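Me: Please take a close look at a single part of this structure and describe it for someone who has not seen it before. I would like a connected account, with the reasoning spelled out where there is any.

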Amino acid sequence: MKAFLYSPTLNKQPQQNPTRLHLDKMSGNSTNVTAPKTVSEIIATATFNTIVMMLTIVGNVLVCFSVYYFPRLRRPTNYLIVSLAVSDLLVGLLSLPFRISQTVNGEKWPQNLGTAGCQYWIWIDMFCCGASILNLVGISFDRLLAVKWPLTYRENMTTKRATFVIVFAWMYALLVASLSFVKWGGKETIIINPQCSIQAKLYITILAVAAFFFPLTFLVFNYALVLKIAIGHARQVQKDKDAIAVNFLPEKDANEETSGIASSPTSSTRAISIGKRSCDPLTEHHKRRRSSGLHIMKQLKATKTLAIVVGVFILSWFPFFAIFLTFQYCTTCFKPDRIPIQVKTAIVIIFVYVLPVSNSAANPIIYTCFNKEFRTAFLQVLYKITRKSDTKFMGKANGFSDTYSSYA
């Protein structure tokens with residue numbers, strides 16, 4: 001949902017429709033509230049978008065190739081990550097080039113692309129970016145299953161079920177994107193003068209709710225449950241430690257007292273063995289609890305990186321969509337008498353031009369920084385692509401520990 005809002009209040013062009021939305025990228029937003037006008041601003045914006053496009057393409061290609069090259073990474077949960085990478089990759093390949101073209105054309109839609117080109121851009125942008133957030137929702141359900149039922153996780157999340165989640169995510173995104181072809185209110189939805197944009201207020205509202213706020217509710221709910229389970233597990237681990245510490249004290253005291261009272265080695269031995277037997281049920285109980293605890297800790301560690309991915313996504317998009325809907329229902333909210341021009345400019349640059357556009361390129365960077373296996377895989381893929389690797393070096397990559405197999 002990298003989009004452009006078109007507002008007369010913010011652009012100081014009263015003749016434009018205040019409900020016009022320019023969808024310039026559903027997943028790497030840019031809202032045209034203060035379109036660059038000088039040559040230096042246009043060059044800076046185009047350069048930034050080009051850098052983001054290259055990082056998006058290279059980073060997400062590495063994610064896909066990592067799972068393709070290394071068999072141990074081919075797990076149902078990792079397929080969800082690949083689907084997310086594909087959606088971001090398509091944004092870089094099919095959506096951002098149109099955004100850059102409009103930028104270098106002075107923030108005006110190139111006439112040679114026409115209405116058909118504008119329609120395609122809006123559709124592909126909403127399709128890819130909608131799939132991106134729906135894949136994140138699928139990953140959140142996967143993480144909830146992994147943490148809540150760690151011992152049966154592999155039986156619950158099969159390749160077939162992961163495939164179903166992926167297909168559902170893309171079909172849902174396709175449905176939302178295809179609504180852009182409808183003539184809302186009996187008028188043309190697509191406008192290309194001066195920019196490629198949408199002018200249907202109803203559709204803009206439906207788009208924001210269906211493609212962002214509704215999926216966001218599931219994301220927050222699922223990760224809230226994961227956090228609750230993590231806190232409960234931490235408390236239980238502390239209780240188990242206290243129980244084990246208390247359990248060993250009576251045994252020691254009992255052995256010392258018995259050895260002091262007993263008149264023969266036999267009675268002393270018997271007292272010690274009784275003390276050991278009294279601990280057996282508790283030991284077996286803790287073995288079972290420890291096994292479950294290890295699985296939970298393993299899944300929580302994998303969930304941590306993906307929680308960062310979701311957090312970055314929300315940080316990138318929530319402010320944008322808040323601004324997005326505000327423009328539709330309160331055209332006077334950003335007037336200079338309400339918000340100083342310096343503050344408005346800072347808000348637009350950070351939450352419209354920078355964060356949304358950068359989101360598609362962020363995930364591979366997060367994987368590199370916070371996950372050792374991904375970082376290793378990326379390096380090995382780069383070596384393979386540049387023909388600098390040898391068979392022995394690549395063979396080591398296939399020996400990744402099973403720790404990563406549950407990474408999602």
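Reply: The expected span of a helix is 1.5 Å times one less than its number of residues. Helix H11, residues 372-385, can be checked against that rule: it has 14 residues and runs 20 Å from its first C-alpha to its last, close to the 20 Å expected. This is a predicted model, and the values here are computed from it. Within H11, the buried residues are Glu373, Phe374, Ala377, Phe378, Gln380 and Val381.

The part to look at closely is helix H4 and what surrounds it. Helix H4 covers residues 114-148, and a loop lies between helix H3 (76-104) and H4. Glutamate 107 sits in that loop. Its phi is near 60 degrees, which is a positive value in a residue other than glycine. Glutamate 107 has 4% relative accessibility, and because buried means under 20%, this residue counts as buried. Its side chain makes a polar contact of 3.4 Å with the side chain of threonine 103.

Moving into H4, the next stop is cysteine 118. A disulfide is a covalent bond between the sulfur atoms of two cysteines. Cysteine 118 forms one with cysteine 196, and their sulfur atoms are 1.9 Å apart. This pair links distant parts of the chain, with cysteine 118 in helix H4 and cysteine 196 in the loop between strand E3 (190-191) and strand E4 (197-198), 78 residues apart. The torsion about the S-S bond of cysteine 118 and cysteine 196 is about 90 degrees, so this disulfide is right-handed. Both of these cysteines are buried.

The loop that holds cysteine 196 has another feature. Proline 194 also lies between E3 and E4, and the peptide bond leading to proline 194 from asparagine 193 is cis, with omega near 5 degrees.

Further along, H4 packs against helix H6, residues 159-178. The angle between the two helices is about 145 degrees, and their axes are 8 Å apart. H4 passes H6 in a right-handed crossing. On the H4 side, the residues in contact are Trp123, Met126, Phe127, Gly130, Ala131, Leu134, Asn135 and Gly138. They meet a set of H6 residues that includes Val165, Phe168, Ala169, Trp170 and Tyr172.

Glycine 130, one of the H4 residues in that contact, also gives a link to helix H7. Leucine 207 is in H7, residues 201-261. The C-alpha atoms of leucine 207 and glycine 130 are 9.5 Å apart, although the two residues are separated by 77 residues along the chain. Leucine 207 counts as buried because its relative accessibility is 2%.

To place the disulfide of H4 in context, a search of the whole structure finds 2 disulfides. The other pair is cysteine 330 and cysteine 333, with sulfur atoms 1.7 Å apart. The torsion about the S-S bond of cysteine 330 and cysteine 333 is about 95 degrees, so that disulfide is right-handed. Both cysteine 330 and cysteine 333 are buried. Counting bonded cysteines along the chain, the pattern is 1-2, 3-4.

Two further cysteines can be compared by accessibility. Cysteine 64 has a relative accessible area of 17% and is therefore buried. Cysteine 369 is at 53%, so this residue counts as exposed, the cut-off for exposed being over 50%.

Key: Residues are numbered from 1 along each chain as its sequence is written. This is a predicted model: local features need pLDDT of at least 70, side-chain atom pairs count only at pLDDT 80 or more; totals for chains, interfaces and linings use all residues. Side-chain values use heavy atoms; hydrogens and water are left out. Helices (H or I, at least four residues) and strands (E, at least two) are DSSP runs, numbered from the N terminus. Buried means under 20% relative accessible area, exposed over 50%, partly exposed in between (1.4 Å probe, protein chains only). A polar contact is a pair of N or O atoms within 3.5 Å; within protein, one must be able to donate a hydrogen and the other to accept it, and residues adjacent in sequence count only if both atoms are side-chain atoms. A disulfide is a pair of cysteine sulfur atoms within 2.5 Å. Axes are lines fitted to C-alpha atoms, for helices over the stretch in contact, and angles run from 0 to 180 degrees between N-to-C directions. A crossing is left-handed if the near helix is turned anticlockwise from the far one by less than a right angle, and right-handed if clockwise. Contact means heavy atoms within 4.5 Å.
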